[in-house]
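Thanks, everyone, for making the time. I would like to take a few minutes on the aromatic rings of this structure, and on how they are placed with respect to one another and to charged side chains.

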Amino acid sequence: MRVRKGAARRRAKKRLFKEASGNFGGRGSLLRTVKETVVRSRVYAYRDRRVRKREFRALWITRITAACRERGINYSQFINGLTKAGITLNRKSLSELAISQPQVFDEIVKAAQAALAA
């Protein structure tokens, strides 16, 4: 028996067109181009979920570096001092402290310098 795929095919196409909506020209209106666009966009989304984590870590390190330089210590010495002092704060929280609570960050820098001196 010949089976037509009417409703299921329409649903599948509708799902693809909805995901590709907002694209320019044929990328949002022609089925073959929409399929290519959707596949490529999913690849970018998968990849960039990982890239976002890298970019944020780089941003936090840049902020910490700037805050450390203001206090007369470089980033690598600061991180080494934290390790020796047994302070286990991650870079995200360190950068937030450097921005929002500079007095607390000053104390952390002093603790790291003391651990380096010892």
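F78 has a relative accessibility of 0% in this predicted model, and because anything under 20% counts as buried, F78 is classed as buried. Its partner here is F105, which is also buried, again with a relative accessible area of 0%. The ring centres of F78 and F105 are 5.4 Å apart and their planes stand at 50 degrees, so we call this pair tilted. As for where the two residues sit, F78 belongs to helix α3, residues 75-85, while F105 belongs to helix α5, residues 102-117, so the pair ties together parts that are 27 residues apart in sequence.

How many aromatic pairs are there by this rule? The count is two, and the other pair is made by F56 and W60, tilted as well, with 6.0 Å from centre to centre and 35 degrees between the planes. Here both residues lie in one helix, α2, which covers residues 31-70, and they are four residues apart, or about one turn of the helix. Is F56 buried or exposed? The value for F56 is 40% relative accessibility, which means that this residue counts as partly exposed.

Let me finish with the charged side chains. The charged end of R40 is placed over the ring of Y44, at 5.3 Å from the centre of that ring. In a similar way, R50 lies over the face of Y46, and there the distance to the ring centre is 4.0 Å.

Terms used
Residues are numbered from 1 along each chain as its sequence is written. This is a predicted model: local features need pLDDT of at least 70, side-chain atom pairs count only at pLDDT 80 or more; totals for chains, interfaces and linings use all residues. Side-chain values use heavy atoms; hydrogens and water are left out. Rings of Phe, Tyr and Trp (its six-membered ring) pair if their centres lie within 6.5 Å; planes under 30 degrees apart count as stacked, over 60 as edge-to-face and the rest as tilted. Buried means under 20% relative accessible area, exposed over 50%, partly exposed in between (1.4 Å probe, protein chains only). A charge sits over a ring if NZ of Lys or CZ of Arg is within 6 Å of the ring centre and within 35 degrees of the ring normal.
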